[in-house]
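Dear colleague,

Please find the structure below for your consideration. A summary of what was found in it follows.

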Amino acid sequence: MSLKYAILSLLAHDPLTGYELMKLFDGSVGYFWHATHPQIYKELARLEAAGDIAHRSVEQRGRPTKKIYSLSDSGRRELVEWLHVPASAQRVKDEMMLKTFCCGLLESGEALDLIRRHRQLHEDKLQRYLELERFLESGLSIANRERLGPYLTLLRGIRYERDYISWCDDARTLLQRTDQAMPPQPVQRRRTPTLNRKQRS
């Protein structure tokens, strides 16, 4: 999925400034899409040049004039057209899984620390999502389909974090098993003795 459709999706709900878009990518939609600040402003310029979004300037006393971006009619049509295209399965890049794949090279305590630190990261994210869930539930109306979408994506983020925490717990249990050596030791192959000339004769 390109950043283009991520921005169009956010602007479909409310007009937003560039700063507000950055906060959304850093926070509430961070569980399914990430973008850097330069990427966001660069894409905003592209979208406006293409006519998919427009902005209005609002003067602020003692502060720089801010631009509030909104979805244009053509941008909304393109977004709806994109929504009708079936989503493809996403390829996952997870650095922690790569580290876990070769964690047998670590001492048992080091491997446990690796899991423990990563579990805490997902526990922190889960708590933030649960706080946001309580906020959204307080004004959620199922009849409001546009507002229901962000809530459904948040539920997916919550389930993902809970599942990752559960995996960390399983991994920790296996690493703490005492009936096998941790980490596994490689098989030591004996070198075949070579004969010198005298032995051969």
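Two strands are taken to pair if DSSP finds at least two bridges between them; strands (E, at least two residues) and helices (H or I, at least four) are DSSP runs numbered from the N terminus. This is a predicted model, in which local features need pLDDT of at least 70, side-chain atom pairs count only at pLDDT 80 or more, and totals for chains, interfaces and linings use all residues. Residues are numbered from 1 along each chain as its sequence is written, and side-chain values use heavy atoms, with hydrogens and water left out.

Strand β3 (residues 63-71) runs antiparallel to β2 (residues 53-60), to which seven bridges join it; here A54 stands opposite S70. Two residues lie between the strands of this hairpin, where G62 takes a positive phi near 75°. Strand β1 (residues 16-17) is also antiparallel to β3, through two bridges, and L16 has Y69 as its bridge partner.

The largest nonpolar core (buried Ala, Val, Leu, Ile, Met, Phe, Trp, Tyr and Cys residues joined through side-chain atoms within 4.5 Å) has 22 residues, and I7, L11, L21, F25, I40 and I53 have the most contacts inside it. Its largest share, seven residues, comes from α1. Beyond four places in sequence, L11 is in contact (heavy atoms within 4.5 Å) with residues including L16, I53 and Y69.

In helix α6 (residues 108-138), H118 counts as buried because its relative accessibility is 18%, the limit being under 20% relative accessible area (exposed is over 50%, partly exposed in between; 1.4 Å probe, protein chains only). With residues up to four places away not counted, H118 touches M96 and Y164.

Yours sincerely
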